[in-house]
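Reader: Please take a close look at one part of this model, the helix nearest the end of the discussion below, and then set it against the rest of the chain. A plain account is enough.

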Amino acid sequence: MSVDDVGVDGAAVAIMTDAARSRDLLCATDSVAARIDELQFTLGEGPCMDAFVGGESIMTADLGEETAAAKWPAFSSEVLDEVGVRGIFAYPIFAGGAQLGVLELYRRQNSALTSSQNTAAHVLTVRLGAVVLGELENYRWSLDEAHYPRWEGSHRFARADVHAAVGMLSIRWGTSVADAGLRLRARAYAESRSISSMAHDIVHFQGRLPDEDAS
């Protein structure tokens, strides 16, 4: 993936399903792009999630503007304060008529993409569609790590643990999967941890299940 043609500082590709409630980070150009994706997944809000749900690109040149702050209050605040990013540009990825995920681009400065840069981003999503489709065809949904393919480079599925952890907590708490997911996100946010890290500890028995949240 080249970010130079689009004129941005970094990018990530996220696979999404089920109205963006299930998602996985496929690759990221740097830790900032990965963190931006993680914050949206943890907080449950952000331009990339909206781009997937709406099926249209979301162009946010400045997260500090009133409109962005009102639409994604927690996300905008966290991104501005933690990683110093001002612009987020999200493009849905399609392949074979199916919507597969989102291309997430960021800029540290608060400036809009030019027309040619926007066109370059759309062209990139077309190319990524085939790549994402190939990754999905090779991936096997299993909790057995022996069934996972060995990825090269930055390609990895980081969030299988999240889906497993939500299922475990749903059973423990006697709640719906949706409610368990919301509680897990809230707990990760309150403890300033990534939801992926917390889920890994739960699934791999490196921490007790949070019974105190069941009330």
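Author: In this predicted model, the residues of α8 that are buried are Ile-195, Ser-196, Met-198, Ala-199, Asp-201, Ile-202 and Val-203. Helix α8 covers residues 195-203, and 7 of its 9 residues are buried, so the helix is largely enclosed by the rest of the structure. The cut-off behind that reasoning is a relative accessible area under 20%. In general, an α-helix has 3.6 residues a turn, so residues three or four places apart point the same way.

The setting of this helix is the whole protein chain, which has 8 helices and 5 strands. Read from the N terminus, the order of elements is β-β-α-α-β-α-α-β-β-α-α-α-α. The chain has 215 residues, and buried residues make up 46% of them.

Other helices can be followed through single residues. Helix α4 spans residues 73-83 and contains Leu-80. Leu-80 counts as partly exposed because its relative accessible area is 23%, and partly exposed covers the range between the 20% and 50% limits. The C-alpha atom of Leu-80 is separated by 9.3 Å from that of Arg-108, although the two residues are 28 residues apart along the chain.

Helix α5 takes in residues 115-138, with Val-132 among them. Val-132 has a relative accessible area of 1%, so this residue is buried. Its partner in the comparison of C-alpha atoms is Ala-95: Val-132 and Ala-95 are 37 residues apart along the chain, and their C-alpha atoms are separated by 8.3 Å.

Thr-114 sits in the loop between β5 and α5. With 40% relative accessibility, Thr-114 is counted as partly exposed. A separation of 8.8 Å is found between the C-alpha atoms of Thr-114 and Val-6, which are 108 residues apart along the chain.

Helix α6, residues 160-173, includes Gly-167. The relative accessible area of Gly-167 is 27%, and the residue is therefore partly exposed. Gly-167 and Ala-178 are 11 residues apart along the chain, with 9.5 Å between their C-alpha atoms.

Next comes the empty space inside the model. A search of the whole structure gives 1 cavity of 30 Å³ or more. The largest cavity holds about 30 Å³ of space. Its lining consists of Ala-12, Ala-33, Ile-36, Ile-88, Glu-104, Leu-105 and Tyr-106. Two elements, α1 (31-43) and β5 (98-107), give two or more residues each to this lining. Strand β5 provides the largest share, 3 residues. By class, the lining of the largest cavity has 6 nonpolar residues, no polar residues and 1 charged residue.

Side-chain contacts and cysteines complete the account. The structure holds 0 aromatic pairs. An aromatic ring does take part in another arrangement: Arg-183 lies over the face of Trp-173, at 5.5 Å from the ring centre. The number of disulfides in the structure is 0. Two cysteines can be placed by accessibility: Cys-27 counts as buried because its relative accessibility is 11%, and Cys-48 is buried too, with a relative accessible area of 0%.

To return to the helix of the request, α8 is largely enclosed by the rest of the structure, since 7 of its 9 residues are buried. Ile-195 and Val-203 are among those buried residues, as is Asp-201.

Methods: Residues numbered from 1 in each chain as written. Predicted model: local features only at pLDDT ≥ 70, side-chain atom pairs only at ≥ 80, totals over all residues. Heavy atoms only, no water. 1 Å grid on protein atoms, 1.4 Å probe; cavity = no way out; pocket = protein on both sides within 12 Å on 5 of 7 lines; lining within 4 Å. Points joined across faces, edges and corners; volume = space filled by probe spheres on them. Helix = DSSP H or I, 4+ residues; strand = E, 2+ residues; numbered from the N terminus. Nonpolar A, V, L, I, M, F, W, Y, C, P; charged D, E, K, R; others polar. Phe/Tyr/Trp six-rings, centres within 6.5 Å; stacked < 30°, edge-to-face > 60°. Lys NZ or Arg CZ within 6 Å of the ring centre and 35° of its normal. Disulfide = S-S within 2.5 Å. Buried < 20%, exposed > 50% of the residue type's maximum accessible area, 1.4 Å probe, protein only.
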